[in-house]
Amino acid sequence: MLYVVGVDIGSTQAKAVALDERAQIVGQALLDIEMNMGSAAQEVFDQVLRVAGLSESEIAFTVATGYGRYRVTFGDAQVTEISCHARGATAEFPRTRTVLDIGGQDTKAIRVGDAGEVMDFAMNDKCAAGTGRFLGAASFALELPLSDLGPLAMQATAPVKITTTCTVFAESEIIGHLAKGHRAEDVLAGMHYSIATRCASLVRRVGLTPEITFTGGVSRNAAMVTLLQQVLGMPLNVSAQGHFMGAIGAALYALDHARAGHPRARAEEVPS
Amino acid sequence: MAETPSGVLRVDARAAGQRLVNQWLANIHTAPARGQPVAYIFVMGNAIEILRSFGFEMVFPEINSLQTGVRKAAPDFLAKAEDYGFSPDVCSYVKADVGLMLSNMEHPSGTHMPTPDLAIASSLCNVYIKWAEIWERRFGTPAFVLDIPGKRFESWRPLPGTPQYEADKRWVEGQLRDLIARCEDITGKKFDPDRLAEVETHVNEMVRLWTEILQLNQHRPAPYNSMLDGLTYIGVLNAWRGTPEGVEYMRLLRDEVADKIARGEGRVPNERFRLIFSGTPCYVNMRRLVELFESHGGVFAASDYLTYAAGGLDSSGLFYDPSRPLESLAEVTTLASQLGLSNHFFSHHTLARQVKEYAADGIVYHGIKSCRTVATSMADNREYVTSRYGLPTLYIESDLIDPRYWSDAQIKNRVDAFFEVLEQRSLLDGGQ
Amino acid sequence: MAIEIESSLIEILARCHELSMRQEITDDEADNAIGYFPVYFPEEIVHAAGLRPHALLGGGNRIEVRYADARIGSFVCSICRSTAELGLNGALSGLGGFFAQPICDAAKHMAGVWGRNFPQQNPQILALPQNVNSPAAVRYVYDEYQRLRSVLEEKVGHDITDEAIHASLGIYNENRRLQRALYTIKRDDPARLSTVEAYLLVRAGTRLRRERHNELLREALRLLPERRVRPMDKPRVLFLGGFCEQPPLEMLETIEDVCFIVDDDLLIGQRWITSDVPEDGDPVWALAESYIQRSAASPVQYDARKHKEDTLMTLLREARAEAAIIAAAKFCEPGLDDQLALSRRLDAEKVPYLVLEFEEKMTSFEQMAMQVETFAESLLFE
């Protein structure tokens, strides 16, 4: 049995997925990056091996993705998250033609062709508004964990319009609204709506072609899913593995390499 | 020229170009002492031919500013301008020039920039005019605004003899006559049409050679990278436009490029993808930007920058008629602006055509944060080209010279993803 | 009596407000509305063709930008973005033409955006010159205006006669006189007519046939002298920065809470020609010559005769303003460049001033109110 690994090294989190030769997930691991990307990469790799019950020598190929992909010393190849998210999304939802990935740091809209190949992409990587960081600002201002924000926003009755376009000022705007007596639920709904409209704008840059698959950490947020469907005017595919989509895509690329018999970048031989 | 070990003579245009640039800067430095009048001009639209006929020394503040980026002096100059009160959103070239003014005109190249006796701002970039107003305040030099009507819409094709063309040409000619009168006032010399004709003859030759050099890059592999080597070429040809030295340099350059083709030498050793570039360089990270592409085997075979930043020297095959020097200057200036120089706003079809001409695989759009001339509708242009022509395109952004807008990781990410797209496409095409 | 006057004025102003804020082209005027981007446009020629000039003044602060962010760069003024949005969301699908003037590089790009997306509206640049100081300038503007005339003639399928243009000149001259009358009241009796009111009265003209606008202005000018006015003591200021992207009404209200704006450049394109266009001789020549010889000033028009700082001092003096508010739209290069130069001159002349940056899409004004109030207080206690 052939095994491969995909690692996704972002600036705050490292994720790894191990697949077998039938592309079934045999292990997943995630950790927050505390020290540096390089050591986090090694740690998450070791962790996924443990979870999968595999040893390093059993891994036929490893592909690294994310901003930290070049820091992964044990990676055999590097592929951008754009290609990886597209690959992962299409593998799970074969009729995907557009992928929206809202990560903690950046947001991507990807247009995908019939063969799952990337045709075009647009990114928001300079400005935090429209990314998970906007929600991070809310989490901080409301002193609530990120995971609570979505469910709370779903209980809004009168969403507050958020006008600030800058995460830096978002916190003060939120506090201002709360001081005026608005409910946290309504403020949060406003923030989610703000993100949704920015992301919709990004999607329109590559063209709104169904089916749309929503990936990335923020895809676990039910309020975000609901609002995006509303703003885009069409249903979204959401994976239970959305948070790991980059690593899954990377692992699928690794599987391509392994099946093609490509050697690992290091000199060690893969046991047959 | 340098000999190679095999004894074959190799052309060295680079050394010649460097010498010329150094000489030009030295001339600028000594112009006031030599009593030579100094003109501040811009690359797009400047009537340099008339100025040469009057013996002005040319200063290109745009080149001064881009050099502050190249020489890593931009942050200091930009900070000085912003401390003085200029908004961060103002064009970074303008701010770098203000920084120069606030640094006693001591340019990082070691040149002391003289104050202008004449300043010409064309309407081909509206910021030129705001920039010239700053000089008016600082130096007391009245601006000469040369209004050059550009394309009114994408398919605008001025034909000599038509009312539109004649009206525009008449307007440009009228202003050129005004300019001549101004030059006569400043220099105390009379206008010399023969001298103008002589300058134009040199420009004609440079146009011929530049057009050829641009076309030579259609060869596979491309002998030069239009957004790296090309930048050095235009620095020289702008500064020496209309001179025998400029002609000689361009001959050398053409020979060097042709020589590379004869030897099968491409700029990128394993050329995998050919690209068209739209936008300006990021002068503060000039090499790095190109390296990101070359590391994937990508070469910029052509760019719109080498049209407008070469002062329209390709002029779409237009030549001066030295027997009617002033009239033909007006004609060519008008036509060049409408066929090439004002194309920023309507470049979608031109870019797609260049993809064909250069057998390119896609277009890279480089948006500039402080330059609205380049960036305002670039995303719309890209959207049109992508959907109408189905061409792969990439959008990256930074700035002309402001290093705060360069984000290496983000740009690299986009570039890497773009090459993944191109690789996929070539695999799929290959499989058909 | 006073109540009736006031309620008639309120009615007129309400109508002006509705007209000013209207974005869509109504069905009855579809295809006859010729859109033009700021600042100035020779409306008389369009009017003479039987068409309605439709000034494009941006989407204000109520528009939701959904499509334009994908097409317009991020460091670009809001008016370009919102105008693109109005095009892309269909609000301007009824335009029968689109013109952009070379006021700045972003504006020139609007012609490109329109050309790629709405070619059926025959979009183009009307190449007004940045050099108005050459003896050859009038002829050039004349030729460009004649080009405009033939474009419109082709559209309507008949000639636009000189007589028709003369008639339009008469109507527009009257319109400009009426606008000047409003501004005279603002200057001499600011408690009688607020800037927001004057603004709405002027802006309504961009959605009405000029003849109708003249009627409306005449009616307002008839009522105004009869209006009961409460004397107020507020500092007299000059407001500059509204020549293209428009500040939100709430911003003007915020300023007027504490100051009299006795002169401004708001919608200056509507009164760009400063005195009557001659109504004899070649009407197109008269219009062209007026552009060169009897026009106002703005950061987007170079004119060696109208030094920016000197013009500012003249405006201050003629308006008898004691201070200036120098505003600029965010990302507006010409506005921002001039803002600095004007500030420096005001420093040298020891004239108090306030520098503001605004966006048409602003919706919260607390911070600005604080700045303006502090400024006004400092003036009162001088």
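Strand E10 of chain B is a good place to start: 6 of its 6 residues are buried, so the strand is largely enclosed by the rest of the structure. This is a predicted model, so everything described here is read from a prediction. The side chains of E10(B) split between two directions, with B:Thr393, B:Tyr395 and B:Glu397 pointing one way, while B:Leu394, B:Ile396 and B:Ser398 point the other way. Whichever way they point, all of these residues are buried.

E10(B) doesn't sit by itself. It pairs with E9(B) in the parallel sense, over 6 bridges, and within this pairing B:Ile368 stands opposite B:Ser398 of E10(B). Both strands belong to an open sheet of 4 strands in chain B, which runs in the order E8-E7-E9-E10 with parallel pairing. At the edges are E8 (298-303) and E10 (393-398) of chain B, each of which pairs on one side only. So what about burial at the edge? In the case of E10(B), an edge strand, 6 of the 6 residues are still buried. Going from one strand to the next, the sheet twists by 30° on average.

Over at the other end of the order, strand E7 (residues 273-279) of chain B pairs with E8(B), again in the parallel sense, over 5 bridges. Here B:Arg274 has B:Val299 in E8(B) as its bridge partner. Helix H14 (residues 348-357) of chain B packs on the sheet and touches E7, E8 and strand E9 (362-368) of the same chain. The direction of H14(B) makes about 160° with that of E7(B).

Next comes the nonpolar interior. The largest nonpolar core has 162 residues, and B:Ile50, B:Trp210 and B:Phe293 touch the most other members. Helix H8 (residues 193-216) of chain B supplies the largest share of this core, with 10 residues. Chain A is involved too: domain 1 (1-93 + 241-272) and domain 2 (95-238) of chain A both give residues to the core, so it lies between them. To see what one of those well-connected residues looks like up close, take B:Ile50. Leaving aside residues up to four places away in sequence, B:Ile50 touches B:Leu176, B:Leu179, B:Ile180, B:Cys183, B:Leu196, B:Leu326 and B:Leu329. There is also a second, separate core of 124 residues, which includes C:Leu86, C:Ala296, C:Met362 and C:Met368.

Chain A as a whole contains 8 helices and 10 strands. Its C-alpha atoms fill a box of roughly 65 × 40 × 30 Å along the principal axes. How does its radius of gyration fit with a compact globule? For 272 residues, a compact globule would have a value near 19 Å, and chain A has 19 Å, which agrees. Buried residues make up 57% of the 272 residues in the chain. If we look at contacts in chain A between residues at least 6 apart in sequence, 65% of them join residues at least 24 apart.

One residue of chain A, A:Met119, shows how sequence and space can part ways. A:Met119 lies in strand E8 (residues 118-124) of chain A. With a relative accessible area of 32%, A:Met119 is partly exposed, because that label covers values between the 20% cut-off for buried and the 50% cut-off for exposed. A:Met119 and A:Ala86 are 33 residues apart in sequence, but their C-alpha atoms are 10.0 Å apart in space. Not counting residues up to four places away in sequence, A:Met119 touches A:Arg111, A:Val112 and A:Gly113, and also B:Val421 from chain B.

Finally, a few spots in the backbone deserve a look. The peptide bond from A:Pro210 to A:Glu211 is cis, with omega near 0°, and A:Glu211 lies in the loop between helix H6 (184-206) and strand E9 (212-215) of chain A. Chain C has a cis peptide bond joining C:Pro38 and C:Val39, where omega is about 5°. C:Val39 lies in the loop between strand E1 (33-36) and helix H2 (43-48) of chain C.

Positive phi values turn up as well. B:Met105 isn't a glycine, yet has a positive phi of about 65°. B:Met105 lies in the loop between helix H5 (92-101) and strand E5 (118-122) of chain B, and is buried at a relative accessible area of 9%. In chain C, C:Phe331 has a positive phi near 70°, again in a residue other than glycine. C:Phe331 lies in the loop between strand E7 (323-329) and helix H12 (333-349) of chain C, and counts as buried at 12% relative accessibility.

Key. Residues are numbered from 1 along each chain as its sequence is written. Chains are lettered from A and ligands numbered from 1 in the order in which they are written. This is a predicted model: local features need pLDDT of at least 70, side-chain atom pairs count only at pLDDT 80 or more; totals for chains, interfaces and linings use all residues. Side-chain values use heavy atoms; hydrogens and water are left out. Two strands pair if DSSP finds at least two bridges between them. Axes are lines fitted to C-alpha atoms, for helices over the stretch in contact, and angles run from 0 to 180 degrees between N-to-C directions. Contact means heavy atoms within 4.5 Å. A nonpolar core is a set of buried Ala, Val, Leu, Ile, Met, Phe, Trp, Tyr and Cys residues joined through side-chain atoms within 4.5 Å. Buried means under 20% relative accessible area, exposed over 50%, partly exposed in between (1.4 Å probe, protein chains only). Domain bounds come from an automatic or database domain assignment. The radius of gyration is taken over C-alpha atoms; the globule rule is 2.2 Å times the number of residues to the power 0.38.
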